[in-house]
Amino acid sequence: MNKILISPSSFGECGSEPLDLLKNAGFEVVPNPYGRKLTENETISLGSDIIGAVAGVETYNSAVFDKLKNLKCISRVGVGIDSIDLAYAKEKGVEICITPNGPTQAVAELSITLALNLMRRISVSDRRIRNGVWKKETGNLINGKTVGIIGFGRIGKKTASLYKALGCSVIAYDKYADSAWMESNDMGNVSFETVIRTADIISIHVPGMENGKPLIDAAELSQMKHGCIIINLSRGGVINEQALFVHLKEYPEFFAALDVFLDEPYKGELAELDNILLTPHIGSYAKEAKLAMEIDAVNNLINIIGKLK
Ligand code: NAD
């Protein structure tokens, strides 16, 4: 009656603390033996008598909930809960929790990493040397640049503080601005248009677009500075990839970095261009961040199940 299914296959790789916490709290751990995302049937058979699940992105629909009769809590390592039927979970009295803080520093640091790489043309220079070409690029300093943050929540705020530490001035646009925080941190919430027209570096940290319409399309790209760097670490589809391809081709001094794509794994034409960096959705992939998320997920689960006893 105290079994916990741990479904993320890499769980515990960054440190033993999360598993130790569970064991010390008296739980028996059922690991994922498949080394990949569980199918519904696998979740059902592994989890037949579990009280809780430390979950990845596997599906929890009504068929799964109906079979996991003792399940009381799904604790996601991460934030996405689109694979869980939330209404049915509520009906069944299963509590759901997430770990929104774990990735913040890692995503913020990735924004800086990508911006610095593009400003000094690191990846393109590295590729050239490997191809026998010795060519020195004169890049730009990050110090003194204006950084525009779109989406000023957890990650946006942390990203702003890192850019400020590098000597940048930061402006931000958030649709539902936290005015109190912004005032006390000496920042104004400027308009979306001000960010896209005046920033040298634009770092996007909004949630996915609910209406499916890109936030940044050809019209917005055309208003940005020609030497601008745009970085999307939020969700695929927030920038129109086709419009970005056309813009990058037309303006070789315009740069972009994408960590998220409409279809992942990404195999599209942006990979043909030198003025873009592409990373495979690794925003939160820092060992310290993974460990922090796993610890948060386990503590959330222990707290919720503890309250039931
Ligand atoms: P958050 O909820 O703290 O912040 C999001 C902010 O965006 C909020 O302040 C909200 O008011 C604002 N917002 C919503 N719609 C907007 C719009 N149309 N225009 C401007 N602002 C808008 O979330 P967070 O933890 O900061 O995460 C931000 C994004 O980062 C999410 O999309 C999340 O999925 C993504 N993320 C990506 C990775 C990765 O691996 N690349 C990892 C973690 C999170």
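**Contacts and crossings**

Me: A backbone N or O atom of Lys175 lies 3.2 Å from a nitrogen atom of the ligand. What makes this pair a polar contact?

Reply: A polar contact is a pair of N or O atoms within 3.5 Å, and the Lys175 pair, at 3.2 Å, therefore counts. A word on the source: this is a predicted model, where local features need pLDDT of at least 70 and side-chain atom pairs pLDDT 80 or more, while totals for chains, interfaces and linings use all residues. Residues are numbered from 1 along each chain as its sequence is written, and side-chain values use heavy atoms, leaving out hydrogens and water.

Me: Which side chains make polar contacts with the ligand, and at what distances?

Reply: Among them are Arg235, with a side-chain N or O atom 3.1 Å from a ligand oxygen atom, and Asp259, with one 2.9 Å from a ligand nitrogen atom. The ligand taken alone exposes 860 Å², and the protein buries 84% of that (Shrake-Rupley method, 1.4 Å probe).

Me: Which residues come nearest to the ligand, and what is the shell made of?

Reply: Arg154, Ile155, Asp174, Val206 and Asp259 come nearest, out of 22 residues around the ligand (a heavy atom within 4 Å). The shell divides into 10 nonpolar, seven polar and five charged residues; Asp, Glu, Lys and Arg count as charged, Ala, Val, Leu, Ile, Met, Phe, Trp, Tyr, Cys and Pro as nonpolar, and the others, Gly among them, as polar.

Me: Why are H1 and H12 called roughly parallel?

Reply: Helices H1 (residues 17-24) and H12 (residues 287-308) pack at about 15 degrees, with their axes 8 Å apart. Angles under 35 degrees count as roughly parallel, over 145 as roughly antiparallel, 65 to 115 as roughly perpendicular and the rest as oblique, so H1 and H12 are roughly parallel to each other. Their crossing is right-handed.

Me: How do you know what to call the packing of H5 and H7?

Reply: Helix H5 (residues 104-119) packs on helix H7 (residues 154-165) at about 45 degrees, again with axes 8 Å apart. That angle makes H5 oblique to H7, and H5 passes H7 in a right-handed crossing.

Me: What makes the bond from Glu264 to Pro265 cis?

Reply: Its omega is near 0 degrees. Pro265 lies in the loop between strands S10 (255-258) and S11 (276-278).

Conventions:
Polar contact = N/O pair within 3.5 Å; in protein donor to acceptor, adjacent residues only side chain to side chain. Axes fitted to C-alpha atoms, helices over the stretch in contact; angles between N-to-C directions. Helix = DSSP H or I, 4+ residues; strand = E, 2+ residues; numbered from the N terminus. Left-handed = near helix turned anticlockwise from the far one by under 90°.
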